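Biologist: I'm new to this one, so could you take me on a close look at a single part of it? Pick a strand, tell me who sits beside it, and then work outwards to whatever else is worth seeing.

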Amino acid sequence: MDSLLYIIIAKFLLFFCDISHRKQAAFGVYYPRLTESPFNMKNFFKKEGCGVEITAYLKQIPFTALATEEEFQLMAQSAYITTFAKGEVVHTRSQTECLGLVLVISGSLCASMISDEGKQILLYRLSRGEMCLFMARCVLNLLSYDAVVEGEKAGSMLVIPKAATERVMQNILVENAMNRLALQRCSQIMGALERVLFARVDKRLASCLLQEAESRGGREVKLTHEQLARDISSAREVVSRVLGKFAADGLISLHRGLIVIEDPDRLRGFLK
């Protein structure tokens, strides 16, 4: 019964989206033929997306409004949706081919720099609606360094492949918008490096706790000591010791798998 239902839905979608290869440019996305093997209806929703859906996601990217109609259709025709798991590495420094521009649809990604000795510095996180430029580093001259990008929370992302990105970047308006975004990201990275190099551990930890709580819209932080240590580029033992001091001073309370900020104003005092 489920198989029959999938076939009916598939035929309806194929009719609705008109996915013949002669007309795919009108809908701006490539869809697999039913004769291509394997075709799984669940994967169709999970990895391909409908042309209307992809177009809607593209319109969320500010610079696409500066593209010509031809350039927008090229991006729509080339773009695809894929998924990533928690802990999955989606980009590494050793990767010879860059993926392209990436827009996070759901879940979150984190970009880090890792030394040859294994020391890791978290540069920034990317959540829904944010773009990752490292995976398009090969077409962005402003990014002369690289990072490791991995899934922090399982989700999905829209990918505009390298070839389409290079073509659209020939538009000077799009190029300028992309360069501004790259400079903003560089500023974030410089801030992260400055905190690691010059800020005390308690200051970095206080900032991390406040930011995480604010992102959740409350006072709770659901991160382990190990995760916090990675986020502030410190050792787990050091983080545990500082958290214990914060708790003893009444700034936070520690629970199993949960940290509650009890006095956010005093905790912010560490940031001054």
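Modeller: Leucine 109 stands across from glycine 151, a residue of strand E6. That's a good place to start, with the reminder that this is a predicted model. The strand that runs alongside here is E3, joined to E6 by eleven bridges in an antiparallel arrangement. If the idea of pairing is new to you, strands of a sheet pair through backbone hydrogen bonds, and they can do so either parallel or antiparallel.

E6 has other partners too. Strand E1, residues 80–84, runs antiparallel to E6, and five bridges hold the two together. Look for isoleucine 81 there, which faces leucine 158 of E6. Strand E2, residues 89–91, also pairs with E6 in the antiparallel sense, this time over two bridges. In that stretch, histidine 91 is the residue opposite valine 149 of E6. And how enclosed is E6? Twelve of its 14 residues are buried, so the rest of the structure largely encloses this strand.

E6 also takes us to the largest pocket. Strands E3 (100–114), E4 (120–126) and E6 (148–161) are among the elements that each give at least two residues to its lining, and so are helices H7 (172–198), H8 (201–216) and H9 (225–231). The space inside comes to about 980 Å³. Its lining counts 34 residues, and those closest to the centre are Leu122, Arg125, Glu152, Glu212 and Asp231. H8 is the top contributor, with seven residues in the lining. As for chemistry, the lining splits into 14 charged, eleven polar and nine nonpolar residues.

Now hop over to the second largest pocket, which has a volume of about 190 Å³. Of the 14 residues lining it, Pro62, Phe63, Met131, Ala177 and Leu181 lie closest to the centre. Here the biggest contribution is from H7, with six residues. This lining has eight nonpolar residues, three polar and three charged.

Then there's a closed space. The structure has one cavity of 30 Å³ or more, and the largest cavity has a volume of about 40 Å³. Phe63, Met75, Leu101, Ile160 and Met178 are among the residues around it. H7 and helix H6 (162–168) are the elements that each put two or more residues into this lining, and H6 has the largest share, with three. Sorted by class, the cavity lining is nine nonpolar residues and one polar, with no charged ones.

Met75, one of the residues lining that cavity, is a handy way into helix H5. This helix covers residues 69–78, and its buried residues are Glu71, Phe72, Met75 and Ala76. Viewed down the axis of H5, those buried residues fall within an arc of 135°, so they line one face of the helix. The general reason is easy to picture: an α-helix has 3.6 residues a turn, so residues three or four places apart point the same way. Over on the other side of H5, Glu69 and Glu70 are exposed.

Let's move along the chain to another sheet. This one is open and has three strands, in the order E7-E9-E8, with antiparallel pairing. E7 (220–221) and E8 (252–255) are the edge strands, each with a single partner, so one side of each has no neighbour in the sheet. E8 and strand E9, residues 258–261, run antiparallel and are joined by four bridges. Check leucine 254, which stands opposite isoleucine 259 of E9.

One last stop, for the rings. A pair of aromatic rings is described by the distance of the centres and the angle of the planes. The count for this model is one aromatic pair. Phenylalanine 246 and phenylalanine 270 make up that pair, which is tilted, with 5.1 Å from centre to centre and 55° between the planes. The two are 24 residues apart and link distant parts of the chain: phenylalanine 246 belongs to helix H10 (residues 236–248), while phenylalanine 270 is in the segment after helix H11 (264–268). Is phenylalanine 246 buried or exposed? Its relative accessible area is 2%, so phenylalanine 246 is buried.

Definitions and conventions:
Residues numbered from 1 in each chain as written. Predicted model: local features only at pLDDT ≥ 70, side-chain atom pairs only at ≥ 80, totals over all residues. Heavy atoms only, no water. 1 Å grid on protein atoms, 1.4 Å probe; cavity = no way out; pocket = protein on both sides within 12 Å on 5 of 7 lines; lining within 4 Å. Points joined across faces, edges and corners; volume = space filled by probe spheres on them. Nonpolar A, V, L, I, M, F, W, Y, C, P; charged D, E, K, R; others polar. Buried < 20%, exposed > 50% of the residue type's maximum accessible area, 1.4 Å probe, protein only. Arc of directions from axis to C-beta. Pairing = 2+ DSSP bridges. Phe/Tyr/Trp six-rings, centres within 6.5 Å; stacked < 30°, edge-to-face > 60°.
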